[in-house]
Amino acid sequence: MANEVFEAARTVMAVREYQDKPVPGEVLRRVIDAGRLSASASNGQPWHFIVVRDRANLRKLGSLIRTGPYVANAPAAIIVAYEKEKGEYGMSDASRAIQNMILTAWGEEVGSNWTGFAHMEGVRTEFGLPDTFDVLAVLPLGYPKRKPAGQKKRKPFDQVVSDEHFGKHMSAR
Ligand SMILES: Cc1cc2nc3c(=O)[nH]c(=O)nc-3n(C[C@H](O)[C@H](O)[C@H](O)COP(=O)(O)O)c2cc1C
């Protein structure tokens, strides 16, 4: 039986070029809901998500993220912030929400990616987030311009997995 969750994890890739086609509001809502429904330490839910669709605001985002200028060309983006006082737990919680959102988008054939990494003060102030929040990432969203390559560059299974003890290959049983 096909496992759709594994298939999504297996095939999802960073998408950095988008068709000039809007992502329907209901799809965006579902993607963000996947983030909102994520588990978090002590169920603290320390996150806040800002959906951005206005072209001028998307351009602004692109100009503020050195490693993600292409956000400017996406039809939508989600700013992901977490309560600073939650520290490493907050970062972990928000990361989990990010992965749920990226996978849910992929399930709708919408490409995304993680851009930037924490302490994005320019994004925080421009979009009105209180200074109790840290912006962890910005996720551009859009229908991929071309079919993703499909072949992931990852370390081989046996290099990153051990069976019972570090360095012992996992047996088939
Ligand atoms: C924590 C994190 C931060 C990332 N930051 C960026 C970024 O700032 N800009 C970018 O274009 N991609 C970023 N990426 C995407 C990775 O570069 C990409 O997922 C990785 O190279 C593997 O490529 P693939 O997802 O297409 O297999 C980030 C990914 C993660 C998980």
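**Entry 1: the ligand shell**

I began with the shell around the ligand and sorted it by class: five residues are nonpolar, four are polar and two are charged. I note here that the model is a predicted one. The residues I listed around the ligand are Met-13, Ala-14, Arg-16, Thr-67, Tyr-70, Asn-113, Trp-114, Thr-115, Gly-116, Phe-117 and Arg-154.

I then looked up polar contacts to the ligand. A polar backbone atom of Ala-14 sits 3.0 Å from an oxygen atom of the ligand. The side chain of Asn-113 places an N or O atom 3.0 Å from a ligand nitrogen. At Trp-114 I found a polar backbone atom 3.3 Å from a nitrogen atom of the ligand. I also checked the surface: the ligand alone exposes 630 Å², and 60% of that is buried by the protein.

**Entry 2: two shell residues, Met-13 and Thr-115**

I took Met-13 next and placed it in the loop between α1 (4–11) and α2. Setting aside neighbours within four places in sequence, I found Met-13 in contact with Trp-106, Ser-112, Pro-148, Ala-149, Gly-150, Gln-151 and Lys-152. I also took one long separation from this residue: Met-13 and Ser-162 are 149 residues apart in sequence, and their C-alpha atoms are 25 Å apart.

Thr-115 is in the loop between β3 (111–112) and α5 (121–126). Is Thr-115 buried or exposed? I recorded a relative accessible area of 1%, so Thr-115 is buried. A polar atom of the Thr-115 side chain lies 2.7 Å from the backbone oxygen of Val-138. Without residues up to four places away in sequence, my contact list for Thr-115 reads Ile-65, Gly-68, Tyr-70, Val-71, Met-120, Ala-137, Val-138 and Pro-140. Tyr-70 thus appears both in this list and in the ligand shell.

**Entry 3: the nonpolar cores**

I turned to the interior. In soluble globular proteins, nonpolar side chains tend to be buried together. The largest nonpolar core here has 31 residues, and Phe-49, Ile-78, Val-80 and Leu-141 have the most contacts inside it. I traced which elements supply at least two residues each to this core: α2 (25–36), β1 (47–52), β2 (76–83), α4 (87–107) and β4 (133–142). The largest share, seven residues, is from α4. Apart from this core I found another, with 16 residues, including Ile-50, Ile-65, Ile-79 and Ala-81.

Which residues does Ile-78 contact, leaving aside neighbours within four places in sequence? I listed Val-31, Ile-32, Phe-49, Ile-50, Met-101, Ala-137, Val-138, Leu-139 and Leu-141. Ile-50 in that list is one of the residues of the other core.

**Entry 4: Phe-49**

Phe-49 lies in strand β1. I read its relative accessibility as 16%; the cut-off for buried is under 20%, and Phe-49 therefore counts as buried. Its contacts, with neighbours within four places in sequence left aside, are Ile-32, Gly-35, Arg-36, Ile-78, Ile-79, Val-80, Ala-97 and Met-101. Ile-32 and Met-101 are in contact with Phe-49 and also with Ile-78. I checked one further pair: Phe-49 and Ala-94 are separated by 45 residues in sequence and by 9.7 Å in space, C-alpha to C-alpha.

**Entry 5: the loop between α2 and β1**

I looked up three residues of this loop, beginning with Ser-40. The relative accessibility of Ser-40 is 14%, so I entered this residue as buried. Its side chain reaches the backbone nitrogen of Gln-45 at 2.9 Å. Not counting residues up to four places away in sequence, Ser-40 touches Gln-45, Pro-46, Trp-47 and Asp-93.

Ser-42 is in this loop as well. Its relative accessible area is 79%, and I entered Ser-42 as exposed. Ser-42 is not a glycine, yet its phi is positive, at about 50°.

Gln-45 is my last residue here, also placed between α2 and β1. With 37% relative accessibility, Gln-45 counts as partly exposed. I noted a positive phi for Gln-45 too, about 45°, although this residue is not a glycine.

Methods. Residues are numbered from 1 along each chain as its sequence is written. This is a predicted model: local features need pLDDT of at least 70, side-chain atom pairs count only at pLDDT 80 or more; totals for chains, interfaces and linings use all residues. Side-chain values use heavy atoms; hydrogens and water are left out. A nonpolar core is a set of buried Ala, Val, Leu, Ile, Met, Phe, Trp, Tyr and Cys residues joined through side-chain atoms within 4.5 Å. Buried means under 20% relative accessible area, exposed over 50%, partly exposed in between (1.4 Å probe, protein chains only). Helices (H or I, at least four residues) and strands (E, at least two) are DSSP runs, numbered from the N terminus. Contact means heavy atoms within 4.5 Å. A residue is near a molecule or strand if one of its heavy atoms lies within 4 Å of it. A polar contact is a pair of N or O atoms within 3.5 Å; within protein, one must be able to donate a hydrogen and the other to accept it, and residues adjacent in sequence count only if both atoms are side-chain atoms. Accessible areas come from the Shrake-Rupley method with a 1.4 Å probe; for residues, only the protein chains shown count as cover. Ala, Val, Leu, Ile, Met, Phe, Trp, Tyr, Cys and Pro count as nonpolar, Asp, Glu, Lys and Arg as charged, and the others, Gly among them, as polar.
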